[in-house]
Amino acid sequence: MTLFKGAGVALVTPFSEGHVDYGSLAGLLDWQVSSGIDAIVSCGTTGEASTLNDEEHINTVKFTVDAVKKKVPVIAGAGSNDTGHAVFMAQELEKVGADGLLIVTPYYNKCTQRGLIKHYEKIADSVNIPIILYSVAGRTGVNISPSSVAALSR
């Protein structure tokens with residue numbers, strides 16, 4: 001299964017009365033897959049991951065993996081401003097079957113490029129699935145420089 005091909009949708013996480021609405025999520029997933037999407041991004045920053053506790057986050061990704069049945073790759077958001085928490089989430093999301101991980105730059109911390117490289121290396125070294133570096137400086141206050149991306153690619 002090719003992870004980095006075509007279009008991947010950053011799926012919203014539907015809620016009903018304060019809880020993940022798995023029935024609506026199933027409908028969204030069915031529609032996306034039947035419409036020809038190439039990948040699903042579950043619990044990225046669009047998917048309200050910051051409002052989910054760890055159990056909800058992991059269960060939402062697991063539900064997504066189970067629902068798409070390997071028809072398309074599932075890329076799971078596992079980013080955090082805490083490297084240890086990002087490692088924990090990355091490992092848990094790999095266990096439930098995510099095909100890849102979307103890792104946002106640490107928010108609020110405004111770390112150095114050296115700090116970013118160490119953050120991403122620690123996460124990448126903790127799992128056996130690919131990660132996507134996600135830089136959204138307007139939200140996190142820090143951008144990944146091209147030289148840092150080059151260093152991480154090695």
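Before the first close-up, one bit of vocabulary: a helix axis is a line fitted to C-alpha atoms over the stretch in contact, and angles between axes run from 0 to 180 degrees between N-to-C directions. Everything shown here comes from a predicted model.

**Figure 1. Helix α3 alongside helix α4.** Here α3 (residues 83–95) and α4 (residues 113–125) bring their axes within 9 Å of each other, crossing at roughly 25 degrees. Angles under 35 degrees count as roughly parallel, so α3 runs roughly parallel to α4. The handedness of this crossing is right-handed. On the α3 side, look for Thr83, Ala86, Val87 and Ala90; they meet His119, Lys122 and Ile123 of α4. Sorted by class, the contact residues are four nonpolar, two polar and one charged.

**Figure 2. Helix α4 again, this time with helix α6.** The partner here is α6 (residues 146–153), which packs against α4 at an angle of about 30 degrees, the axes being 10 Å apart. That angle makes α4 roughly parallel to α6. Once more the view shows a right-handed crossing, with α4 passing α6. From α4 come Gln113, Ile117, Tyr120 and Glu121, and they meet Ser148, Ala151 and Leu152 in α6. The contact of α4 with α6 breaks down into four nonpolar, two polar and one charged residues.

**Figure 3. Helix α1 crossing helix α2.** The axes of α1 (residues 22–34) and α2 come within 10 Å and cross at roughly 40 degrees, and α1 and α2 are therefore oblique to each other. α1 passes α2 in a right-handed crossing. In α1, pick out Tyr22, Leu25, Ala26, Leu29 and Val33. They meet a row of α2 side that includes Glu56, Asn59, Thr60 and Phe63, along with Thr64, Ala67 and Val68. By class, the α1 and α2 contact has eight nonpolar, three polar and one charged residues.

**Figure 4. The loop residue Val96.** Zoom in on the loop between α3 and β6 and you'll find Val96. Leaving out residues up to four places away in sequence, Val96 touches Ile58, Val61, Lys62 and Val65. Asp66 sits 30 residues away from Val96 along the chain, yet their C-alpha atoms are separated by 8.9 Å.

**Figure 5. The enclosed cavity.** Rolling a probe the size of a water molecule over the atoms shows where empty space is left. Counting cavities of 30 Å³ or more gives one. The largest cavity has a volume of about 40 Å³. Its lining is made up of Leu11, Val12, Thr13, Leu25, Val41, Ser42, Cys43, Thr60 and Thr64. Two elements, β4 (39–42) and α2 (54–68), give two or more residues to that lining. As for chemistry, the lining of the largest cavity has five nonpolar, four polar and no charged residues.

**Figure 6. The largest pocket.** This pocket holds about 540 Å³ of space. It is lined by 24 residues, and those closest to its centre are Thr45, Ala49, Ser50, Gly79 and Tyr107. At least two lining residues come from each of α2, α3, β6 (100–104) and α5 (137–140). The pocket lining splits into eleven nonpolar, ten polar and three charged residues.

Notes. Residues are numbered from 1 along each chain as its sequence is written. This is a predicted model: local features need pLDDT of at least 70, side-chain atom pairs count only at pLDDT 80 or more; totals for chains, interfaces and linings use all residues. Side-chain values use heavy atoms; hydrogens and water are left out. Helices (H or I, at least four residues) and strands (E, at least two) are DSSP runs, numbered from the N terminus. Angles under 35 degrees count as roughly parallel, over 145 as roughly antiparallel, 65 to 115 as roughly perpendicular and the rest as oblique. A crossing is left-handed if the near helix is turned anticlockwise from the far one by less than a right angle, and right-handed if clockwise. Contact means heavy atoms within 4.5 Å. Ala, Val, Leu, Ile, Met, Phe, Trp, Tyr, Cys and Pro count as nonpolar, Asp, Glu, Lys and Arg as charged, and the others, Gly among them, as polar. On a 1 Å grid over the protein atoms alone, a cavity is a set of points where a 1.4 Å probe fits but cannot get out, and a pocket is an open set with protein on both sides within 12 Å along at least five of seven lines; lining residues have an atom within 4 Å of a point. Grid points are joined across faces, edges and corners, and a volume is the space filled by probe spheres set on the points.
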